[in-house]
Amino acid sequence: MNRTSTRSTAMVEGRRADSLRRRERVTKALQNAVAGGTEISISAIARAAKVDRSFFYRPQHRDLLAQIQAAAAEPRTAPGVGPAASRASLMADLANSEERNKRLAERVLLLEKRLSEVIGEDVWKQAGLGTPDDADGLKRQIVALEEVNADLRLKLEEAADDLSAARGTNRELMAQLNAGGRAGGR
């Protein structure tokens, strides 16, 4: 049993030593990345230190994960390059650029539409067909005709109601005449 205990102790010590060597490689890889201005991410540091990414998520190595994340958020400068920008500021710049691109694309569509209208009017005139109809005038005319149409429908409905009432009255009068003629004929 003493021999088994010695083996177990040796295995535990070997694992601890291996874990310490990996930690040292990770620390050195992080320092090199900060000093060299290279990419700082979990994947990049794991690759440089020759460890698996899961190494950083083990409870005993969470401090290394926090160091890498903090270094990645820090502004860095590459050697011979001007002031650094943080990842957050770069992401904000990217979002602003995307929004500006969206606004510019909308503006381009608007200008293309207007250019198309102007070119269309010019072609219309050059073709000798005269000036195109006034679209606003046509719209006003359509609205006026729709109002007239609505008025005529109301008048038609009133006339149909009057006709229906006249027919009902006519039937009643005819019924009375027929009833009176029968009473006198008996």
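1. Of the 186 residues in the protein chain, buried residues make up 11%, and this figure, like everything below, belongs to a predicted model. The accessible surface of the protein chain comes to about 15,200 Å², and carbon and sulfur atoms account for 55% of that surface.

2. As for the overall plan, the protein chain has five helices and zero strands, so that anyone reading along the sequence meets the pattern α-α-α-α-α. When contacts between residues at least 6 apart in sequence are considered, 44% of them join residues at least 24 apart.

3. The interior deserves a careful look. The largest nonpolar core has 16 residues, and those with the most contacts inside it are Val26, Ile45, Val51, Phe56 and Ile68. Two or more residues of this core are given by each of helix H1 (2–36), helix H2 (42–49) and helix H3 (62–73). Within H2 itself, the buried residues include Ile42, Ala44, Ile45, Ala46 and Ala49.

4. Phe56 is a good residue on which to follow these contacts through the model. If its neighbours within four places in sequence are left aside, Phe56 is in contact with Val26, Ile42, Ile45, Ala46, Val51, His61, Arg62, Leu64, Leu65 and Ile68. Among these partners, Val26, Ile45, Val51 and Ile68 are also named with Phe56 as residues with the most contacts inside the largest nonpolar core.

5. Is His61, in the loop between H2 and H3, buried or exposed? With a relative accessible area of 1%, His61 is buried, because the limit for that class is under 20%. Apart from its neighbours within four places in sequence, His61 is in contact with Ser19, Arg23, Phe55 and Phe56.

6. Ser19, one of those partners of His61, lies in helix H1. Leaving aside neighbours within four places in sequence, Ser19 is in contact with Phe55 and His61. Ser19 and Phe55 are 36 residues apart in sequence, while their C-alpha atoms are 9.3 Å apart in space.

7. Lys50 should be checked by anyone who reads backbone angles. Most residues other than glycine have a negative phi. Lys50, however, has a positive phi of about 60 degrees although it is not a glycine, and this angle occurs just after H2. Lys50 is found in the loop between H2 and H3, and it counts as exposed because its relative accessibility of 69% is over 50%.

8. Turning to charged side chains, how many salt bridges does the count give? The count comes to five salt bridges. The general idea is that side chains of opposite charge can pair when their charged atoms come close. One group of residues, Asp18, Arg21 and Arg22, is linked in a network of salt bridges.

9. Asp63 forms a salt bridge with Arg23, and their closest N and O atoms are 2.5 Å apart. This pair links distant parts of the chain, since Asp63 is in helix H3 and Arg23 is in helix H1, 40 residues apart. Asp63 counts as partly exposed, because its relative accessibility is 35%. Arg23 also appears among the contacts of His61.

10. Two further salt bridges are each formed within one helix. In helix H1, Glu13 pairs with Arg16, the closest N and O atoms being 3.1 Å apart, and because these residues are three apart in the helix, they are separated by about one helical turn. Glu13 counts as partly exposed at 43% relative accessibility. In helix H4, Arg114 forms a salt bridge with Glu117, with the closest N and O atoms 3.3 Å apart, and here too a spacing of three residues means a separation of about one helical turn. Arg114 is partly exposed, with a relative accessible area of 45%, and Glu117 is partly exposed as well, with 37%.

11. The last point concerns nonpolar side chains on the outside. Leu115, Ile119 and Val123 form a nonpolar patch on the surface, and together they have about 270 Å² of accessible area. Val123 is found in helix H4 (residues 87–126), and it counts as partly exposed because its relative accessibility is 47%.

Notes: Residues numbered from 1 in each chain as written. Predicted model: local features only at pLDDT ≥ 70, side-chain atom pairs only at ≥ 80, totals over all residues. Heavy atoms only, no water. Patch = residues over 30% accessible without salt bridge, like charges linked within 9 Å, V, L, I, M, F, W, Y side chains within 5 Å. Areas by Shrake-Rupley, 256 points an atom, 1.4 Å probe, with all protein chains shown as cover. Salt bridge = Lys/Arg side-chain N within 4 Å of Asp/Glu carboxyl O. Helix = DSSP H or I, 4+ residues; strand = E, 2+ residues; numbered from the N terminus. Buried < 20%, exposed > 50% of the residue type's maximum accessible area, 1.4 Å probe, protein only. Core = buried A, V, L, I, M, F, W, Y, C linked by side-chain atoms within 4.5 Å. Contact = heavy atoms within 4.5 Å.
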